[in-house]
Amino acid sequence: QVQLVESGGGLVQAGGSLRLSCAASGRIFRINAMGWYRQAPGKQRELVATITSGVGTNYADSVKGRFTISRDNAKNTVYLQMNSLRPEDTAAYFCNAAVFTGSVTKEYWGQGTQVTVSS
């Protein structure tokens, strides 16, 4: 089994910054793509950013130029640096990882961390 644990969420004023972390542990042979998604109340979960094992990145248009995704493969950890935060960034942020366990590749999700941006 694989666990993803997020941290770093909180309350911040508009224009501020937060850094989210997500550490994977358990039966891991290799982690392929990792990513961050978010879900605001009453809305569907949406992609924020993804990063491949080769550190290729992809961002939602709404966060381009403000958020940066990165990963530390030695620590099985993915980060999301969020700058110039806006009230519309308020949501629960979820970590996602495609993990090869040595026999199969499965998708895993973290439990989520809340980000609240006040105006």
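This report describes strand pairing and selected residue environments in a predicted model.

## The four-stranded open sheet

Four strands make up an open sheet, arranged in the order 1-3-8-7 with antiparallel pairing. Strand 1 (2-7) and strand 7 (67-72) occupy the edges; each has a single partner strand, so one side of each lacks a neighbour in the sheet. From one strand to the next, the twist averages 15°. Strands of a sheet pair through backbone hydrogen bonds, and this pairing may be parallel or antiparallel.

## Strand 8 and its partners

Strand 3 (residues 18-26) and strand 8 (residues 77-82) run antiparallel and are joined by 6 bridges. Within this pairing, Ala23 is placed opposite Thr77 of strand 8, and Arg19 is placed opposite Gln81 of strand 8. Strand 8 also pairs with strand 7, again in the antiparallel sense and over 6 bridges. Here Ser70 has Tyr79 in strand 8 as its bridge partner. The connection between strand 7 and strand 8 is a hairpin with 4 residues between the strands, and Asn76 in the turn has a positive phi of about 50°.

How enclosed is strand 8 by the rest of the structure? Of its 6 residues, 5 are buried, so strand 8 is largely enclosed. The cut-off behind this statement is a relative accessible area under 20%.

## Strand 4 between strands 5 and 9

Strand 4 (residues 30-39) is joined to strand 9 (residues 91-100) by 8 bridges, and the two strands run antiparallel. One position in this pairing is Trp36, which stands opposite Cys95 in strand 9.

Strand 4 pairs with strand 5 (residues 46-51) as well, in the antiparallel sense and over 5 bridges. Arg38 has Glu46 in strand 5 as its bridge partner. Strand 4 and strand 5 form a hairpin with 6 residues between the strands, in which Gly42 adopts a positive phi near 80°.

## Asn96, a buried polar residue in strand 9

Asn96 belongs to strand 9. Is this residue buried or exposed? Its relative accessible area is 7%, and because the limit for a buried residue is under 20%, Asn96 counts as buried.

The side chain of Asn96 makes a polar contact of 2.9 Å with the side chain of Glu107. Leaving aside residues up to four places away in sequence, Asn96 touches Leu4, Ala33, Met34, Gly35, Tyr37, Glu107, Tyr108 and Trp109. Glu107 is therefore listed among the residues that Asn96 touches, with the contact between the two side chains being polar.

## Leu11, an exposed residue in strand 2

Leu11 is located in strand 2 (residues 10-13). With a relative accessibility of 65%, Leu11 counts as exposed, because the threshold for that class is over 50%.

Which residues does Leu11 touch, not counting those up to four places away in sequence? Its contacts are Thr116 and Ser118. Leu11 and Ser118 are 107 residues apart along the chain, and their C-alpha atoms are separated by 7.4 Å.

Technical notes. Residues numbered from 1 in each chain as written. Predicted model: local features only at pLDDT ≥ 70, side-chain atom pairs only at ≥ 80, totals over all residues. Heavy atoms only, no water. Buried < 20%, exposed > 50% of the residue type's maximum accessible area, 1.4 Å probe, protein only. Contact = heavy atoms within 4.5 Å. Pairing = 2+ DSSP bridges. Polar contact = N/O pair within 3.5 Å; in protein donor to acceptor, adjacent residues only side chain to side chain. Axes fitted to C-alpha atoms, helices over the stretch in contact; angles between N-to-C directions.
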